[in-house]
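Trainee: I am new to this structure. Please take me through one strand and the sheet around it, slowly, and then show me the rest of the chain.

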Amino acid sequence: MTQRRSFFSNVVRVFAWTGIFGTTALVSAAAGAAFILTVPLPKILGEATATPPLSDLWKSGFRYQVSRPVTILLMGLDEATDIDGASATDLVGRTDTVLLARIDPEEEAINVMSIPRDTRVEIPGYGIDKINQANVEGGAELAAQTVSYNFNEVEIDRYVRVSTAAFREIVDLIGGVEVFVPNAMQYEDKTQGLVIDLEPGWQTLSGEEAEQFARFRQDDLGDIGRVQRQQVLIKALRDRMLSPTVITQLPQIVRILQNHIDTNLSTEEILALAGFGLQLDREALSMVMLPGRFSSPTEYRASYWIADTNSTNDVMQQFFDLEPTALLANDSPRRSISRLRIAVQNASRDPYMGEAVVNHLQNEGFRNVYLVKDWPDFNHQTMVIAQRGDLNGASFLEAVLGAGKVVADSTGDLDSDITIRVGDDWTEQIVQYESSLDGF
């Protein structure tokens, strides 16, 4: 009985962790892939694949292993309602979400880079356009080629495409996801049949509400704000999938996925990735958004996200183990720790704590520290957010602060290298620090 309970616990953990790969695509109109790496999929490019029963999957013991790092392109697509000859379920439209994931068995880590859909790229054979157009022009193959061509020639091993409809259905099936909505979100687009109406605060979102949360872009950050909220949803979905009750919904989830997913992962590869999930801890997932900036109104006819070459090279090196492009060698060296752009955001109950942290860091020799608008919720623990993927710099700052934890995502201030979201746990640290200064 003990062995059976242990096996069941491990299976739950597999589904929770390997679901991360899918939830990255899932969170912005591309859902359902939460379990793509734990169950055989019915659609393999160019061939028919038999899907063994779930009982056979469990009995297999996940004996397949990931023998080398694997890079997977995850794409979430809008329903193809505006393309002639296409049905709403066809995966031929623009990619609403583009994510690059590296599964590394040697480091026991998963690294994910979000690529904003408005990113300005060269689509091989088609010219300059937004990256979300690549799937329209040439499907998954051209989309993968475009990512590789524009980002350090990264070798993409496999792809997964999922559609909007699966997202709503699966979130409802697992009982919703709990997230913090930082501001009221109201918007209506009658042409798309889209109505967004969310109140601020912590709440459990249904499938429809979670889609609204992911799709809202009527603020100063536009599509980049959407990318940040996608990362919030990824973590919320990860936490939800740790619940043992989710596994009971697996057969229904599989049936949903059968109608909304396309991948060239084989059954054996899926099982290997599922087995890899057994080894992972919560901290094994690192996320980053493609570093860059908004184009200016006079720069191009269209509005783009322009990748920052130096910072992108840093991310591709750290997250995907790739050599920098030649341009980096002729450009300025990486910014020193003391020159990092550090945003400080107060999320403590002390209204002056943000200013105290700014002063503390400046006294410690950091030259580019600035205060941003308070976070609209109270945090107990300070978060050191590696906005541009600099986990080493974030870890150094965590040590300087003596409190908090490093957060490997891009949910902080857009202009920062690192954002410190100050929690109540830092109050004691700053009191001790000021007391030590009084002694001099």
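**A strand and its sheet**

Mentor: Start with strand S19, residues 383-385, which pairs with S21 in the antiparallel sense over three bridges. Keep in mind that this is a predicted model. Find Met-383 and look across to S21: its bridge partner there is Arg-421. Now look from Met-383 toward S20. In that strand, the bridge partner of Met-383 is Lys-405. S19 and S20 run in the parallel sense, again over three bridges. So far we have S21, S19 and S20.

Go back to S21, residues 418-422. Is this strand covered or open? Mostly covered: five of its five residues are buried. The side chains split into two groups. Ile-418, Ile-420 and Val-422 point one way, while Thr-419 and Arg-421 point the other way. Both groups are buried. The general pattern is simple. In a regular strand, side chains alternate between the two faces of the sheet. Note Arg-421 once more: this buried residue is the bridge partner of Met-383.

S21 has another pairing. Strand S17, residues 342-346, joins S21 in the parallel sense over five bridges. To find the register, use Ala-343: its bridge partner in S21 is Thr-419. So S21 has a parallel pairing with S17 and an antiparallel one with S19.

Put the strands together. What is their order? It is S18-S17-S21-S19-S20, five strands in an open sheet with mixed pairing. Strand S18 (369-371) and strand S20 (405-407) are the edges, and each pairs on one side only. On average, neighbouring strands here are turned by 25° against each other, with direction ignored.

Next, two helices. H11 covers residues 353-363 and H12 covers residues 391-401. How do they pack? Their angle is about 105°, and their axes are 11 Å apart. That makes H11 roughly perpendicular to H12, because angles of 65 to 115 degrees count that way. From H11, the residues in contact are Val-357, His-360 and Leu-361. From H12, they are Leu-397, Val-400 and Leu-401. By class, this contact has five nonpolar residues, one polar and no charged ones. Spacing along a helix helps when you view such a contact. An α-helix has 3.6 residues a turn, so residues three or four places apart point the same way.

Move to another helix, H5, residues 207-215. Seven of its nine residues are buried, so H5 is largely enclosed by the rest of the structure. The buried ones are Gly-207, Ala-210, Glu-211, Gln-212, Phe-213, Ala-214 and Arg-215. What covers them? The cover includes two helices, H4 (164-173) and H6 (223-241). It also includes strands S9 (177-181), S10 (185-189), S11 (194-198) and S12 (201-205).

Follow H6 to Gln-230, which lies in that helix. Gln-230 counts as buried because its relative accessibility is 4%, under the 20% cut-off. Compare its place with Ser-114. The two are 116 residues apart in sequence and 9.0 Å apart in space, C-alpha to C-alpha.

Now a hairpin. Strand S6 (residues 120-123) and strand S7 (residues 127-130) pair in the antiparallel sense over four bridges. Glu-122 stands opposite Ile-128 in S7. Three residues lie between the strands, and Gly-125 in this hairpin takes a positive phi near 85°.

Two residues other than glycine also have positive phi. Glu-108 has a value near 50°. Its place is in the loop between strand S4 (95-104) and strand S5 (109-115). At 41% relative accessibility, Glu-108 counts as partly exposed. Asn-152 has a phi near 60°. This residue lies in the loop between helix H3 (134-150) and strand S8 (158-163). At 14% relative accessibility, Asn-152 counts as buried.

Last, step back to the full chain. It has 13 helices and 21 strands. Of its 440 residues, 55% count as buried. Take the contacts with a separation of 6 or more: residues 24 or more positions apart account for 70% of them. The accessible surface comes to about 19600 Å², and 47% of that belongs to carbon and sulfur atoms.

Notes: Residues are numbered from 1 along each chain as its sequence is written. This is a predicted model: local features need pLDDT of at least 70, side-chain atom pairs count only at pLDDT 80 or more; totals for chains, interfaces and linings use all residues. Side-chain values use heavy atoms; hydrogens and water are left out. Axes are lines fitted to C-alpha atoms, for helices over the stretch in contact, and angles run from 0 to 180 degrees between N-to-C directions. Angles under 35 degrees count as roughly parallel, over 145 as roughly antiparallel, 65 to 115 as roughly perpendicular and the rest as oblique. Contact means heavy atoms within 4.5 Å. Ala, Val, Leu, Ile, Met, Phe, Trp, Tyr, Cys and Pro count as nonpolar, Asp, Glu, Lys and Arg as charged, and the others, Gly among them, as polar. Buried means under 20% relative accessible area, exposed over 50%, partly exposed in between (1.4 Å probe, protein chains only). Accessible areas come from the Shrake-Rupley method with a 1.4 Å probe; for residues, only the protein chains shown count as cover. Two strands pair if DSSP finds at least two bridges between them.
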